[in-house]
Amino acid sequence: MKTFINDDFLLQSDFAKTLYHNYAKELPIIDYHNHLPPQEIDGNRVFENISQAWLAGDHYKWRAMRAFGIDEHYITGNATDKEKFLKWAHTVPYTVRNPLYHWTHLELQRYFGVQELLGPGNAEEIYDRTSAMLQQSSHNTVGLLQQQKVESLCTTDESIDSLQFHKNIKQKGISPKVFPTFRPDKTFAIEQGGTYVAYLQKLGAASNINIESYNDLLAALENRINYFHEQGGRLADHGLEQLYYFKEGTYNAESLFKKALDGKTLVVEEVQYFKAQVLLFLGRCYHKKGWVQQFHIGAIRDNNKRLLSKLGPDTGFDSIGDFSQARALSGFLNELDGTDQLAKTIIYNLNPADNEVIASMVGNFNDGTVKGKVQFGSGWWFLDQKDGMEKQMNALSNMGLLSCFVGMLTDSRSFLSFPRHEYFRRILCNLIGNDVVNGELPTDEKLLGKIVSDISYYNAKNYFDFNKP
């Protein structure tokens, strides 16, 4: 029996169906931000069962299971993989109206041909069926990516990473192409005291620079950027509560760095000033290399200290924060733009209350040199769902040009998450299709079809230009 996810899922008008099926559906995927482990692509991992491919590391599912009253033993504990899957299957019917309900059934259908709705009654059979399929060559890590027509993907990699797996992937000629993304957050996490000082030793070893001063730190960072560039890296990413900006000379970065090395505690403004100075330096380096810089802003992390102490970070205890964004973001971007050193930039916003703030801010720094030079990034994390995507695209449409948008990404640790691109494309086509039905846009299939194709694929292909030397 066909489930609710049929060929016209989420498409509410004939025009929306035409846009999706004729202009979006068959396009390849450029996934320019995810957290897939490159070693599993290099090694072409074969998952023993669907729990390993689907539940491990997925804090979205973990949060839902906890909310439903599932014991941690069956989430991140020592229960068997099958027991964990059965508990997830018991939870799924009660995730209705959460995006997990759509994602779960879309992924089961696209990768495994499962048409039934997952629940306790069919969980064992689906576990056995999908786990058997995962043993086939079509369902190893590379096969899963190829099924979804992934052309290029960018992993997220620490500044000290050797990138050996990326080298192996390139040498083996594996398709899709896999590029590293420079993630330097730990290099300016000066508030972490001894942990930060210990990390500097690792950074020094990776860059062959003995880091004893602020200038040494900057030299080490530039060294690592050059290394990432040599390995095909063309993007950087930063996870921040907010961007920071101070008038030059408010503090002295060298003095603050020495203070940290000496084990002294910095006050909040000193920490923020230091981060701002390092980020400005990095921004200038990115511009010099022709990179794209990404800023994910607005998350408040590790809220539940009791469970954090038991389970560690990235286990499902982060949420939306309500930080002041506009003034510092303006100052930061303006500082780089003032010397014509503002790289192509994507700002991802986590608080929907700030959508119009971010959408209007990016327009201040589009200078005509590059189509969509400064982007309002797609709805991410808690906004990576139908309502969040629509609100992000509506804000972008009202304040800027939706037609220049570089579109969707998975931001995922799962090899089964790529139908999120399909989900996004359907929502995009339905949004535009509804405008046509309402008489708010002309019935111009050629124009609107091209815009849909551009947002789904071509804008990203041209914006990132991975073949650029």
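Contact means that heavy atoms lie within 4.5 Å. The model is predicted: local features need pLDDT of at least 70, side-chain atom pairs count only at pLDDT 80 or more, and totals for chains, interfaces and linings use all residues. Residues are numbered from 1 along each chain as its sequence is written, and side-chain values use heavy atoms, leaving out hydrogens and water.

**Exercise 1. Describe the protein chain as a whole.**

Task: Find what share of the contacts between residues at least 6 apart in sequence join residues at least 24 apart.

Solution.
- Step 1. Take the contacts in the protein chain between residues at least 6 apart in sequence.
- Step 2. Of these, 76% join residues at least 24 apart.

Task: Compare the radius of gyration with that of a compact globule.

Solution.
- Step 1. The radius is taken over C-alpha atoms, and the globule rule is 2.2 Å times the number of residues to the power 0.38.
- Step 2. For 469 residues, the rule gives a value near 23 Å.
- Step 3. The protein chain has 23 Å, which agrees.
- Step 4. Along the principal axes, the C-alpha atoms fill a box of roughly 70 × 55 × 45 Å.

Task: State how much of the protein chain is buried.

Solution.
- Step 1. Buried means under 20% relative accessible area, exposed means over 50%, and partly exposed is in between (1.4 Å probe, protein chains only).
- Step 2. Of the 469 residues, 56% count as buried.

**Exercise 2. Examine helix α11.**

Task: Check the span of α11 against the expected value.

Solution.
- Step 1. Helices (H or I, at least four residues) and strands (E, at least two) are DSSP runs, numbered from the N terminus. The protein chain has 19 helices and 11 strands.
- Step 2. Helix α11 covers residues 214-230, which makes 17 residues.
- Step 3. The expected span is 1.5 Å times one less than the number of residues. For α11 this is 24 Å.
- Step 4. From first C-alpha to last, α11 reaches 25 Å, close to that value.

Task: Name buried residues of α11 and some of their cover.

Solution.
- Step 1. Among the buried residues are Tyr-214, Leu-217, Leu-218, Leu-221 and Phe-228.
- Step 2. An α-helix has 3.6 residues a turn, so residues three or four places apart point the same way.
- Step 3. The cover includes α10 (194-207), α12 (253-261) and α13 (268-289).
- Step 4. Just after α11, Gly-232 takes a positive phi of about 100°.

**Exercise 3. Place Ala-460.**

Task: Decide whether Ala-460 is buried or exposed, and list its contacts.

Solution.
- Step 1. Ala-460 lies in helix α19 (residues 445-464).
- Step 2. Its relative accessible area is 3%, so Ala-460 is buried.
- Step 3. Leave aside neighbours within four places in sequence. Ala-460 is then in contact with Ile-30, Val-406, Asp-454 and Asp-465.

**Exercise 4. Inspect the backbone in three loops.**

Task: Find where the cis peptide bond before Pro-176 lies.

Solution.
- Step 1. The bond joins Ser-175 and Pro-176, with omega about 15°.
- Step 2. Pro-176 sits in the loop between α9 and β4 (177-179).

Task: Contrast the burial of Lys-149 and Trp-381.

Solution.
- Step 1. Lys-149 is not a glycine, yet its phi is positive, about 60°. Trp-381 also has a positive phi, near 55°.
- Step 2. Lys-149 lies in the loop between α8 (141-147) and β2 (150-154). Trp-381 lies in the loop between β11 and α17.
- Step 3. Lys-149 has a relative accessible area of 38%, so Lys-149 is partly exposed. Trp-381 has 10%, so Trp-381 counts as buried.
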